[in-house]
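Here are a few short exercises to help you find your way around a new structure. Try each one yourself, then follow the worked solution.

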Amino acid sequence: MKEQKKATYRKIEYHRKESFFLLVRGVEVGIFAGLVSVLYRFMLEVAEEGTMKALDLIKGNTLYTALWFLILIAIGVIVYFVGKAEPYAMGSGIPVIAGELKGYASPSWWRVILAKLIGGTLSVFGGLSLGREGPSVQLGGMAAKGVARVTKADRTTERRMISCGAGAGMAAAFNAPIAGTMFVLEELHHTFDKSLLCMGIVSAVVADYTSKIFFGQDNIFNYESLTFPLRFYWILILFGLLLGVLGAAYNIVMLKLQDLYKAVKKIPQYVKLPAVFIISGVVGLFLPQVLCGGHSMVSYLINDRPDIKILLVLLIAKFLFGAICFACGAPGGTLYPMCILGSYIGAVFAYFAINGFGLDGAFWEEFVIIGMAGFFASIVRAPITGIILAFELTGNMSNLLPVAFVSLISYAIANLLGVTPFYEAMVEKLVRTEAEAPFNKEDEKIIKTYVVPVGSPLDRKRIMDVPWGKHCIVVSIERDGVSITPKGETKIKEGDELVVLVSQRRFADDNAKLEELING
């Protein structure tokens with residue numbers, strides 16, 4: 001009896017220490033991920049402002065226009081060399097973070113941060129339709145990795161810190177700490193890990209607080225919300241169906257264009273990339289609104305309420321130009337431009353819903369927000385993150401039901417169409433081109449938590465009957481808040497959290513096999 005009490009006290013003391021440890025690590029991650037994301041956000045704002053000033057300066061001046069295009073070509077060449085020096089800094093960065101968490105990449109944290117800051121700022125100054133949110137996820141993850149390396153954290157803790165740093169980066173970029181935390185669980189890990197949740201919330205809140213110190217507490221979207229009438233929810237069903245189809249089409253087109261760009265091998269990248277900056281220069285002369293991340297498009301949409309013709313022109317132009325910018329692989333994100341497209345789709349749909357179905361014109365802004373969340377859900381296939389993001393961007397809870405209604409419908413339709421989620425498709429491409437990440441020779445074990453979902457093939461199976469592999473050991477099962485020491489006869493149940501020791505050297509392969517075993 002005494003030994004049992006001692007064991008219980010030791011377990012309570014361990015959980016207390018672990019909780020405190022996670023909180024401290026979360027604060028560390030939040031501070032450094034937040035500061036790096038704030039720096040990047042500031043640099044991009046200066047770059048975008050510089051682009052608009054340059055376009056105003058060259059208007060009607062042939063000499064200045066020619067000089068501007070020469071500058072764009074030079075920027076394209078510099079960005080090419082930045083990418084050549086650090087390939088992991090190219091593109092959005094979210095697939096690289098996801099790839100590292102799966103064991104397929106192990107970039108140098110300081111090289112990625114440096115290359116992303118330089119390459120991303122130059123790309124936005126060149127007018128490319130790229131946002132700060134995706135890169136902020138990577139920058140936050142790399143900042144957290146730097147903290148882990150400097151403090152000599154073990155590999156398990158490092159992976160948790162990278163994950164939470166990614167969420168902190170998103171929180172700082174969007175001013176959305178809950179969405180940042182949920183993005184880590186729903187998109188990067190596809191599971192509910194209590195340790196990640198604890199550290200992730202702390203890091204996201206600290207990063208958000210750090211961001212608000214520098215940029216204030218204003219919401220990106222501010223509007224007076226109205227309660228959407230229940231008798232018009234059939235319109236939202238149509239909207240959800242439309243967004244699901246458009247989201248699936250977006251994924252197909254974006255990925256095909258990237259493949260097409262890479263297939264043109266006769267033209268070297270140091271020529272193709274500057275050519276995209278030339279296209280940006282041409283677009284800037286005629287439609288400067290679609291340049292850069294799209295923050296000016298948001299202001300224009302909310303404040304001026306353009307008519308349907310202008311909406312359609314801006315929507316199509318933003319999509320086409322954004323697809324070209326994504327395909328070229330320049331450092332920058334697609335997350336916010338994707339949200340901009342969703343908001344414009346919502347505005348177009350609102351025009352027809354209001355004029356065709358007799359809906360009150362005051363609901364125009366509701367469709368803008370719903371469109372953004374629903375489009376995000378269908379593309380990324382993370383509906384909970386999209387719903388929470390819509391709330392945090394607006395600070396408004398009254399539109400939660402219609403946002404959730406449309407997001408879940410668009411998510412279901414995109415799944416039904418069988419199109420791979422955007423970032424998962426990008427990770428698959430990374431896996432095909434990268435070998436398993438190099439690790440230390442001592443083969444340190446990594447602790448990984450897996451949640452057994454409803455319908456899992458492991459449900460009711462005994463530990464001894466599951467082919468875990470010789471490099472994996474189930475060390476604990478968390479069931480209903482109680483830790484169970486697994487034995488061969490122990491049966492696995494739905495909802496169990498399996499704590500598994502995985503070989504660091506073989507992490508990518510073993511993790512993939514475990515996910516297949518658990519999820520079916």
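A salt bridge is a side-chain nitrogen of Lys or Arg within 4 Å of a carboxyl oxygen of Asp or Glu. Keep that in mind as you look at this model, which is predicted.

**Exercise 1.** Find out whether Lys-212 and Asp-208 form a salt bridge, and describe where the two residues sit.

*Solution.*
- Step 1: Check the distance. The closest N and O atoms of Lys-212 and Asp-208 are 3.1 Å apart, and the cut-off is 4 Å, so the pair forms a salt bridge.
- Step 2: Place the pair. Both belong to helix α8 (residues 194-215), and because they are 4 residues apart there, about one helical turn separates them.
- Step 3: Look at the exposure. Lys-212 has 26% relative accessibility and counts as partly exposed, while Asp-208, at 6%, is buried.

**Exercise 2.** Describe the salt bridge of Arg-25 and Glu-28 in the same steps.

*Solution.*
- Step 1: The side chains of Arg-25 and Glu-28 meet at 2.9 Å, N to O.
- Step 2: Helix α1 (residues 2-58) holds both of them, 3 residues apart, or about one turn of the helix.
- Step 3: Buried means under 20% relative accessible area. Arg-25 has 9% and is therefore buried, whereas Glu-28 has 24% and is partly exposed.

**Exercise 3.** Is each partner in the salt bridge between Arg-462 and Asp-465 buried or partly exposed?

*Solution.*
- Step 1: The N to O distance in this salt bridge of Arg-462 and Asp-465 is 2.9 Å.
- Step 2: Arg-462, with a relative accessible area of 27%, is partly exposed.
- Step 3: Asp-465 is partly exposed too, at 40%.

To put these pairs in context, the structure holds 15 salt bridges. Arg-149, Arg-155 and Glu-158 are linked in a network of them.

**Exercise 4.** Work out where Thr-334 lies and what surrounds it.

*Solution.*
- Step 1: Thr-334 is in the loop between α12 (308-327) and α13 (335-357).
- Step 2: Its relative accessible area is 4%, so Thr-334 is buried.
- Step 3: Setting aside neighbours within four places in sequence, Thr-334 touches Tyr-250, Met-254, Phe-326, Phe-422 and Tyr-423.

**Exercise 5.** Does the radius of gyration of the chain agree or disagree with that of a compact globule?

*Solution.*
- Step 1: A compact globule of 520 residues would have a radius of gyration near 24 Å.
- Step 2: The chain has 24 Å, which agrees.
- Step 3: Add the rest of the picture: the chain has 18 helices and 4 strands, and buried residues make up 56% of its 520 residues.

Conventions:
Residues are numbered from 1 along each chain as its sequence is written. This is a predicted model: local features need pLDDT of at least 70, side-chain atom pairs count only at pLDDT 80 or more; totals for chains, interfaces and linings use all residues. Side-chain values use heavy atoms; hydrogens and water are left out. The radius of gyration is taken over C-alpha atoms; the globule rule is 2.2 Å times the number of residues to the power 0.38. Buried means under 20% relative accessible area, exposed over 50%, partly exposed in between (1.4 Å probe, protein chains only). Contact means heavy atoms within 4.5 Å.
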